[in-house]
Amino acid sequence: MTIKEIQDSIVEDFSMFDDWMDRYAMLIEMGKECPIIDEQYRNDQYLINGCQSRVWLHAELRDGKVYFTADSDAVITKGIINLLIKVFSGQTPEDILSADLSFLDEIGLKEHLSPTRSNGLVSMVKQMMLYAEAFKSIS
Amino acid sequence: MMDVNEIRRQFPVLDQQVYGKPLVYLDNAATTQKPLCVIERERDYYLHENCNIHRGVHYLSQMATEAYENARRTVARFVNAKEAHEIVFTRGTTESLNLLATSLGRLLASGMSLRGAELSGATWQSTRRPKVLVTAMEHHSNLVPWQQMVQLYGGELLVAPMDDNGVLDLQAYENLLKQSPQIVAMAHVSNTLATINPVKEMIRLAHQYGAITVVDGAQSMAHLSIDVQDLDCDFFVFSGHKMYAPMGIGGLYGKTAWLEKMPPYQFGGEMVETVSFEKTTFNKLPFKFEAGTPNVGAALGLETAIKFIESFDRKAVAEHEEALVAATIAGLSKIEGMRFIGQAPERSGLVSFIIDGIHPYDLGTIIDKMGVAVRTGHHCAEPVMTRFGIPGTVRASFAVYNTLEEVDILVHAVNKAANMLR
């Protein structure tokens, strides 16, 4: 699936719920399914700054595509990063860099997060873009 | 018996819905809500009385000056200070503590001998290297100013440990006093653990070893009766906004003898006596420590907040808050994996907890969606979290207007969130 298709399906999933409790329940489920970072990368070097809970992110390039793994000590945070992983993992660096991020506004996630969590979300996206940028230059 | 519903009517902010649920405000240790009388007092000041105070020859200025000085007298009476000039208005606890750390640091670095029987028996050693003793449960505001001060002058910070229940180790505290700190700074009530420290005994011991004492009353002013003469503390600091008063006002009580000796903290208007390009002499107490235009409106709000607190039977309020804490502990302890952080026998109006395998931040996020406002995180007391080996806690803190029904909603919300997050 393309990034756009995945984003559309996430927007659809989120719009099924009226209640933010249900959306959080979905994020929590996503957190539990997050592709977990290899233990060797679970250190300060892979820590994303700007999150109130700790979150680690790693990426590797296989056959020209970027694959992300992550972890966090808070499950909702893990759900948010996994939501981003679902969108960006398995895509080319170029596609990631040119992706439209307006789906985050469409699902209303940003406005429903506390400002600190929202900053964390921005930091996560930025870190993923940095990985894509780095892989683009070597591929 | 207190009529909590009647009290709640005085707090319009409580009567609202968040995410379609009635607001349950349990973040009172961060800041309390303000009763109508306080809001109206500050509003009235700006409607009818606003004027810059002191030195004004005209009517409004004199009235405002008198009102401001009356507010000071009310604070002095509330904490039972000997003199009104022993109360310095500040922005709050943090500014009061910065004032103290800076001013006492300068005094100490000047090498001035402060031995003297008149100074509450404290015989500050004539040394230029400051040593400050704090407890392991301090809020950053009663830790970082002292830490930075001792670092600036090449001194040392001593930390009195506590046990797993969050009770200060008095024996260890006394042993540290033997290392001759000049200043001992202590939380009256811990903002994370709820512990009420035995400050009177701690002050007595500190004086016995020649140290002066600073009590951080940020979490005690709204809940306990404060008598600075009975405590015999040299300084006591507090914030207005944690005791139903507006933000931006708080205070510092200091014994006259100390305040006289201390150099000013900030310089500028109001705090001077005479100024020439060569030299400035400073105003008398308490104005020496109040540089610039003060927050007069908030000071009047603080005075009204004090009268609001005094309008209740304080014993009944304390019992009410104890009942809320007891019901919270009883309700939450049924939840699997519940761990209370801070289980001192002497405790004040808050409950801090974590649940095994659940990040406090996640829990706070979910119960927020159910309308329950609590605080999550390290509560500006990171060393306390490190001591207990946890990333933070969830903290529910109470005020006079909270109800047992709200405790039920909290317990229900935490239960539901825990089931979702596990």
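**Aromatic pairs, helix packing and local backbone features**

A search of the whole structure, which is a predicted model, identifies 13 aromatic pairs over all chains. One of these pairs joins Phe11(B) and Phe308(B): the ring centres are 5.6 Å apart and the planes are inclined at 75°, so the arrangement is edge-to-face, the class assigned to angles over 60 degrees. Phe11(B) is located in the loop between helix 1 (4-8) and strand 1 (17-18) of chain B, whereas Phe308(B) belongs to helix 10 (residues 296-310) of chain B; the pair therefore ties together parts that lie 297 residues apart in sequence. Phe11(B) has a relative accessibility of 0% and accordingly counts as buried. Phe308(B) is likewise buried, its relative accessible area being 5%. A further pair is formed by Phe308(B) and Phe312(B), with ring centres separated by 5.0 Å and planes at 90°, so this pair is also edge-to-face. Both Phe308(B) and Phe312(B) are buried. Ring pairs link these residues into a cluster that consists of Phe11(B), Tyr244(B), Phe308(B), Phe312(B) and Tyr401(B).

Aromatic rings also take part in arrangements with charged side chains. In chain A, the charged end of Arg42(A) sits over the ring of Trp56(A), at 4.2 Å from the ring centre. In chain B, the ring of Phe388(B) has the charged end of Arg387(B) over it, with a distance of 5.1 Å to the ring centre.

Between the chains, helix 3 (residues 75-88) of chain A packs against helix 12 (residues 360-369) of chain B, with an angle of about 85° and an axis separation of 7 Å. This angle falls in the range of 65 to 115 degrees, so the two helices are classed as roughly perpendicular. Chain A contributes Val75(A), Ile76(A) and Thr77(A) of helix 3 to the contact, and chain B contributes Asp362(B), Thr365(B) and Ile366(B) of helix 12. By character, the residues of this contact comprise three nonpolar, two polar and one charged. Thr77(A), which is placed in helix 3 of chain A, is buried, with a relative accessible area of 3%. When residues up to four places away in sequence are not counted, Thr77(A) touches Ser53(A), Val55(A), Ser72(A), Arg117(A) and Met124(A), together with Asp362(B).

Elsewhere in chain A, Ala25(A) forms part of helix 2 (residues 20-32). Ala25(A) is partly exposed, at a relative accessible area of 28%. The C-alpha atom of Ala25(A) lies 9.7 Å from that of Gly79(A), although the two residues are 54 residues apart along the chain.

Within chain B, helix 7 (residues 199-208) has Val199(B), Met202(B), Ile203(B), Leu205(B), Ala206(B) and His207(B) among its buried residues. The buried residues of this helix pack against three strands and two helices of chain B, namely strand 5 (131-135), strand 7 (183-187) and strand 8 (212-216), and helix 6 (170-177) and helix 8 (228-231). Just after helix 7 of chain B, Gly210(B) adopts a positive phi of about 85°. Leu143(B) is situated in the loop between strand 5 and helix 5 (144-152) of chain B, and its relative accessibility of 14% places it among the buried residues. Residues up to four places away in sequence aside, Leu143(B) touches Val134(B), Glu138(B), Leu157(B) and Pro383(B). A C-alpha separation of 11 Å is found between Leu143(B) and Asp216(B), which are 73 residues apart along the chain.

Several loops carry distinct backbone features. The peptide bond from Leu285(B) to Pro286(B) is cis, with omega near -5°; Pro286(B) occurs in the loop between strand 12 (280-282) and helix 10 of chain B. Positive phi values are also found in residues other than glycine. Asp63(A) has phi near 50° and lies in the loop between strand 1 (55-62) and strand 2 (65-72) of chain A. For His379(B), phi is positive at about 55°, and the residue is placed in the loop between strand 16 (375-377) and helix 13 (382-388) of chain B. Asp63(A) is exposed, with a relative accessible area of 80%, whereas His379(B) is buried, with a relative accessible area of 7%.

Notes. Residues numbered from 1 in each chain as written. Chains lettered and ligands numbered in written order. Predicted model: local features only at pLDDT ≥ 70, side-chain atom pairs only at ≥ 80, totals over all residues. Heavy atoms only, no water. Phe/Tyr/Trp six-rings, centres within 6.5 Å; stacked < 30°, edge-to-face > 60°. Helix = DSSP H or I, 4+ residues; strand = E, 2+ residues; numbered from the N terminus. Buried < 20%, exposed > 50% of the residue type's maximum accessible area, 1.4 Å probe, protein only. Lys NZ or Arg CZ within 6 Å of the ring centre and 35° of its normal. Axes fitted to C-alpha atoms, helices over the stretch in contact; angles between N-to-C directions. Parallel < 35°, antiparallel > 145°, perpendicular 65-115°, else oblique. Contact = heavy atoms within 4.5 Å. Nonpolar A, V, L, I, M, F, W, Y, C, P; charged D, E, K, R; others polar.
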